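User: Please take a close look at one part of this model, the place where two of its chains meet. I am new to this structure and would like one connected account.

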Amino acid sequence: MGQITLSDIQRAYGNVKVLHDINLDIADGEFVVLVGPSGCGKSTLLRLLSGLDKPTAGRIEIDGKDVTQVSAADRGLAMVFQSYALYPHMSVRQNLAFGLENIQMPKAEIAERITEAARMLEITDYLDRRPGQLSGGQKQRVAIGRAVVRNPTAFLLDEPLSNLDAELRISTRAEISALHDRLKTTMIYVTHDQVEAMTLADRIVVMRAGRIEQVGRPLDLYNTPANLFVAGFIGAPRMNLLPVKIAEAGPQSVRVEGAGGLSIMVAADGSALQPGTDATLGIRPHDIRTGTGGDGSFTATVDLMEALGPETVAHATTDDGQKILAVLNGQDTTKAGDGISFAFDAGRTHLFDAEGQRLPPPRT
Amino acid sequence: MGQITLSDIQRAYGNVKVLHDINLDIADGEFVVLVGPSGCGKSTLLRLLSGLDKPTAGRIEIDGKDVTQVSAADRGLAMVFQSYALYPHMSVRQNLAFGLENIQMPKAEIAERITEAARMLEITDYLDRRPGQLSGGQKQRVAIGRAVVRNPTAFLLDEPLSNLDAELRISTRAEISALHDRLKTTMIYVTHDQVEAMTLADRIVVMRAGRIEQVGRPLDLYNTPANLFVAGFIGAPRMNLLPVKIAEAGPQSVRVEGAGGLSIMVAADGSALQPGTDATLGIRPHDIRTGTGGDGSFTATVDLMEALGPETVAHATTDDGQKILAVLNGQDTTKAGDGISFAFDAGRTHLFDAEGQRLPPPRT
Amino acid sequence: MSRVAEFLTRRRGGSGWDWTDIFTWVWLIAGIFVMFGPAVWLVLSSFKTPAALAEFPPTVLPMATEQVMVEGYDNPLELYSVSMPDGSEQVLAQVRRVGTIAQMVDPDAPDEIVKVNIAERTPQRRVAFATENYVVPLEQNDFLLYLRNSVFVTVMATIITLLTNSMAAFALSKYRFRGRDGVMLLIVATLMVPLSVILVPLYSVVNAVGLFDSLWGVILPTVATPTGVFLLRQYMLTIPDELLDAARMDHASEWQIYWRIILPLAAPALAVLAIFSIVWRWNDFLWPLVVLSRKELYTLQVGLNTYAGELNVQWHYILAMTVVTMIPVVLVFVFLQRYITAGIAGSGLK
Amino acid sequence: GDVRLMWYSDGVEGEVIQDLLNRFMEENPDINVTLDNVAYKVIMEQLPIQLESGEGPDIARVTNIKELANHWLDLRPLLSDPAYWDTNFGDQFDWMRPDGSDAIPGFLTQLTLTGGFANQTLFEQAGVEMPGEGATWDDWIAASAEVMQSQQTPAAFAIDRSGHRISGPNVSYGANYIGPDGMPAPVDDGTKTFATKLVDWTNEGLMLKDTWVAAAGSTYRAAADDFINAQIPFYYSGSWQVANLSSKIGDGFDWVATGSPCGTAGCSGLKGGAALVAVKYTKNQDDVVKVMEYLSREDVVKEFSERTLFLPAHKGVIEKGGLNWVTEDKNVGPALDAFVKASSETLPAADALPAWVWGNAYYGALVTRISQVMAGEMSLDDAWVRIDQDIADKVAQGN
Amino acid sequence: MATRSISSRIGAVLAAPVIWLARLLNLPLKWWQGMTGTGGMAAFFLAPNMAIFGIFVLLPLVINFAYSMTSGQALFLSDRSYVGGEQYARLMDCGNYLDPTTCREDLFWIALRNTALFVVVQVSMMTVVAMITALILNREIRGRGFWRAVFFFPVLLSPVVVGLIWRWILQREGLLNFILYNVGLEPHVWLTDRFYSFVATVGVSVWAHMGFYTLILLAGLQAIPRDLYEAAEMDGTRAGRVFWRITLPLLMPNLLVVIVLALIRAVQIFDEAYVLTGGGPGTSTLYLTQYIYEVGFASLLRNPGLAAAASIIMGLILVVLTLIQLGLGRRNEKAGERK
Ligand SMILES: Nc1ncnc2c1ncn2[C@@H]1O[C@H](COP(=O)(O)OP(=O)(O)OP(=O)(O)O)[C@@H](O)[C@H]1O
Ligand SMILES: Nc1ncnc2c1ncn2[C@@H]1O[C@H](COP(=O)(O)OP(=O)(O)OP(=O)(O)O)[C@@H](O)[C@H]1O
Ligand SMILES: [Mg+2]
Ligand SMILES: [Mg+2]
């Protein structure tokens, strides 16, 4: 069981408020990913959940019981610390066993679980080393292992894969995903990796400066970000945001106009808008293609082409000085300084009002 | 100046050899990225370069001078530690100033550099905090800042962006890149992030278990990985590797056959090969498209579709049990269990012999 | 030889002798002379006879005048080297001395007595260890009994000290509770008063709780050392709180945290305190002296210190017994000091 | 039953007494005497505490017998022959019982007498005649100074740093510490005379600085080592040094005991000693009495003295003479005999001191202040004022 | 290697019963923790120490305070007469506080002055010397255990023996003069010289206790994370600056222990100095504890009341000094607390 409710949680360090009125419901067995800029309060939130820290105000419930004042040891959660926090005087094996010994698990079962976790995290060879003798990634895997061997009500994972190489990260991610499928344990997961967030999460919580900006399923966040912040934060490279003016606004569609003769009709409920007001048009770099003949198009000069292998990120500046990112499939041979034309479809754009809020979908 | 030569470098901890005969030449001003699986010896190599650790055997030269026995302080390099290693008793500002005060830089200039670095790393607001009051990502930025404010012969950076969120990571990456363009300082950079490696590196060094597997320009590594390890390691998701048999082998082309009637003619110099021997055919997930009608094609059953937003990763199993990854553009609606057909072009495949070495290009 | 050269030229960082290396070795060598020299001299002195101890100027090695058996004399005679009137040096044995004139014989020609002014003769001396300084006290006293008592007191006191002090230090360094600073202050403030000053009040307390003339009366008053609490607490402050957090997440009770995390990580400080406690309890003299009145309960220090009289102190015995009682603590030190090694608390963190 | 005997040693007396007790136990198999050998410090610091709380050993060898007099057991009603004790030890009972009492608390195991030692060999080498019978302090110091000149010794003489040690000479110059009311009298001319001499001698470099100047308060310092090493031709200490000198000087030089040099009023030393006393709180009076009677037997006292080279306090033993000192050193016998002889020359003012409660207050003040004068920290005149005040403070405190 | 395994085996055997006990304790303690929360645990951890401490340290101190209000020679409080602040008045009775000779208890003031001087010189010297030694022993030198033993050795000696050895070395015909004479230098009578006697008491007490503080500092030094030194090295920091800016601040909690303990021990200087100089020449090395000792215990007419009063005054001075120390240390100590 691991149904968690946060009500009006606040946390301040001295005068500095780092969490403001956090409200969040996490269903039993749900996989929730917390994302947000560095320093926005993700780790702090996790510490409050774990019981290591107490909120300055608000209530935390687990499975309907108020646990706000319950100590960490009694909440029955497991945590992977961003700083690892391995016991430096114990071998890897002892690090893994410690939590199990504390709940008087039989020796044989402990050994079994450790073997299993070690296999899964590829640390079997290091079981008898001390943390001081491990590389950064190895330590991180031990830290994950320490949580995994337990059978907690919920997992709290703070950037658990940040120091792993791509391959290991993918396989570990898969293991965590499999673990979740198998155990159906609630997981709360902090990450900076978009791919992890997108692939693992049942729901993603986007935070900024101690507040929750949006909560939703990964593709919903990607496809319909609620505001400019989420739009910019979810999706890499970040969405292009073009300043536009409302030209016409109706309940079914809105037409916006921008620099360089740009004029686009977007399907959205613009009934609350006044023509002539400012707005922002968002287009994801992946939704821009080279060539002409889309709902919108423009020419630009390439500043930089970043070849990633399967795709190439084009950094360009439009003729009226707007910086544009576009992701082009394959390896493009355009060079910096070349002219290039881009096109995009109106259906892939996102429109935000002057306050940065996404326009509601067209009325039906 | 920062021309670095490593000759026959070895390093052992007790009986455990973690670096075997490393030979590497790094040109002045070059941006070299070290990649490799967790625990392969990247941090160790960086420590040897820095002078904090001494090799058990071999020679390190900087600008032609043998510095193998020169202490770290006298090598004039700057390093970002994987563990941050911030001075816990100093404020962020003092952390940044410390190295500069050591070289008796005038106060005004120190202040200026700190302001500049803080702006670039977005830590201006935290300059008067102690490390203990910072979040993980903030700490990491301070660690970067500490190296950046100096004017070293070369930078050594150990996973400097691992704890940053996507947006900040991109901007910091861009800053590092700009810094490199401006200062033309040699940079040696460890990362697990493929995008970082591909976009930043002049050359990438791929390491495995204490050895260098391949050194080359990013796209060369991506397009012509020298062996199976590099092929699997560079590029995310990892390349699909299909077991095949050599059917015909000539100096211009090689025909291989695999399960399910697969038969592909690959342009390569197969003159050293015997028909009938084992080989491996590699196809990157990005080079597989849905549909039929390529040089090769097969049908498969979808196990899992991972929607990343701009693209979708399809995990599938071919009819003869081979696991296949394919990256499909956009958001695909195929569901797990559905059948799907894939196609690919022979020109985008990679052929490796029984020893895992890439076949040489066709003779001309 | 090359090993020695390598040993002597080994430096930090590996390249060149910098001033710190030179300073280090100067300091260490000076340490040998200044710190160790007097101690070595003490050991050597413990083998001197009372007369040699009182001698001015002192000799470094214990010396005794050489003796020979000379035909015709019942007792061995002492040998002197004598500068003869003709300017030559000769070794003669002294038969007797009357005033400033010594009567001497040539050991090879025992019949002829030579009269020598005592200013002309210097004793022939050689190194001789007065082992009786050790043998006599050890035979006279119930050495084994005292040893047993001392060991009991030292071991019990040290265990209790380590346990109670580390518990208190844990609470004072890792918990925030009201009055924490007050308790800390109280503890440090009581470091102030020397035992000799509160001897009588302490005696009345010990008497009142019925511990007079019992080894526990020696042990208990010493174990709550403010020093230990203070020392451990300050060290524990350097242990990162994250490790405690991790243990709490691992379902560890506070006791387990103390026991399995804090204690091992505070090992260097515990070793220091253990060394101190052992040295102190082992060498305690004044307090056991006051509390213990029956010989069966004497500790070594009390038992072996009977050589300090009112008007005379038999230093030769005291020195010898100092050396004897020192041996076990030196061994303990050598055993425990290796725990004062690199603190590892930070290596579990990122 | 069990009898516990607390004992400290300056030399071999611990072994000797153990021997004697072993013999006693053979004779009395039902009595088990345990000898608790302790440091002198125990006697001084622990025993008083124990006694005040009504505990302690059954018998103890003590030096601060007068202060603790209330704790001693009166043996008089228990002894089979109190008269024997009165005759032989009677002179010193006042030293160990409250003023005005007629109790018999115990007896002196050792009588001590302050007195001088001279390095005969040094005198001979210098060709200086040793002052004879009736020589004054001035004579002795003058002669020693001559030796010092000729033999290049660092100083001419030394006196132990102790108020007790200079009290004999003070009395020789007419001092009397005890006022008519039995309370301390102000420092008188006798004391001043000798103290002034001492200060002068120190300033002139005749008296060894290392003992008096180089310490503060009432710290005890003996100069025996300097005498042993022939650094000073003349040394004023006491009879208890005989065994010590004998063992450490060995054949180094010849030395003699000179008795106390004379002052204007006489040639007095000061008596003292350690007593064996029974403790009031004993639960085993009968056996204690048996032990005490045994140890005070004439033959036992004699043997004890002969073997320890201590002066006996037993009148019978002294008067019979003929003590057979157990030593090979030819200097010892004459020295001890000299002390025995000198013990009859003490002046009444000196003899009154051991039984006087305020003696120690006087001694302490003297040594503290005089050495301050020697160190140049105050003038003699200031010192007299301070001494009187120090003593007055003690008296005020003690009542 | 072999010795290590043997010694660790001995350690294991010794530890076994304790470990067993610790296990046994866990269950009831868990229950207690459940009942009272972590706050209750703090009480639990403090309790044993504070109980013993209260009975055997605090209580006697209180009784000692009561003593200071009484007079007479009787040892036990019940037999003594109450005099209120008279003893304090006697100590404080001074014509001019700057001139001890005008005070009724001139020796007390002299001792106080000497002690103050001694403390200042000795504590600073002790801290510096112990620090240098700890820094040196913290380096990677061969035979570290041996060197540690060398510097620790004097701590094992009783103060009386320490005083004695050094008196033999320093006295007129002592070892030092003998050596000086033999190398052709002028011998000197050290212990009858006011200045040298003072220096000798300082030097000898530093000699005797240095190992103690060195060990504390050594443990503290070893606890400073290595990576900080590496970072400093990468920052091109000179050795001196590493010490001032990294080592010293991070060592602060332990340095505080050293300074406070050294201070307290310096104020309590007694045995070594007593045996070495006996407080002389004159009263130039007469320190407070010797004064208290003589007044209260050594002289045959003791005055425990006055001694108690003097000790209370001494304690008060120490408390004030320590408070200042702790106050100063507090700021830096926070810095040492690693997050
Ligand atoms: N002190 C040590 N003793 C023994 N082995 C060690 C020690 N330090 C590191 N190693 C081992 O050396 C190998 C290389 O470590 P290194 O830190 O260089 O890896 P890395 O490539 O930086 O890995 P990561 O990406 O996880 O940081 C690892 O397998 C590690 O376990
Ligand atoms: N002890 C403290 N005192 C003051 N501020 C603090 C303290 N600890 C954290 N903070 C601040 O609280 C904010 C939230 O910190 P938190 O560690 O939760 O961030 P985060 O979201 O986990 O960031 P990151 O992704 O960088 O780890 C940060 O701005 C940090 O500087
Ligand atoms: Mg965080
Ligand atoms: Mg690494």
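Analyst: A polar contact is a pair of N or O atoms within 3.5 Å; within protein, one of the two must be able to donate a hydrogen and the other to accept it, and residues adjacent in sequence count only if both atoms are side-chain atoms. The model is predicted, and the part described here is the interface of chain E and chain D. By that rule, six residue pairs are in polar contact across this interface, both residues of each pair being at pLDDT 80 or more.

On the side of chain E that touches chain D, four helices of chain E each supply at least two residues: H2 (86-92), H3 (106-137), H10 (271-276) and H11 (288-298). The residues of this side divide into 17 nonpolar, 16 polar and 12 charged.

Next, the extent of the interface. In chain E, 45 residues are in contact with chain D, where 39 residues take part. Between them the two chains bury an area of about 3100 Å². Carbon and sulfur atoms give 46% of that buried area.

Charged pairs also occur here. Four salt bridges are found across the interface of chain E and chain D. In a salt bridge between Arg369(D) and Asp106(E), the side chains meet at 2.9 Å, N to O. A salt bridge is counted when a side-chain nitrogen of Lys or Arg lies within 4 Å of a carboxyl oxygen of Asp or Glu, so the pair at 2.9 Å qualifies.

How values were computed: Residues are numbered from 1 along each chain as its sequence is written. Chains are lettered from A and ligands numbered from 1 in the order in which they are written. This is a predicted model: local features need pLDDT of at least 70, side-chain atom pairs count only at pLDDT 80 or more; totals for chains, interfaces and linings use all residues. Side-chain values use heavy atoms; hydrogens and water are left out. Contact means heavy atoms within 4.5 Å. Buried area is the accessible area (1.4 Å probe) that two parts lose on being put together, summed over both. Ala, Val, Leu, Ile, Met, Phe, Trp, Tyr, Cys and Pro count as nonpolar, Asp, Glu, Lys and Arg as charged, and the others, Gly among them, as polar.
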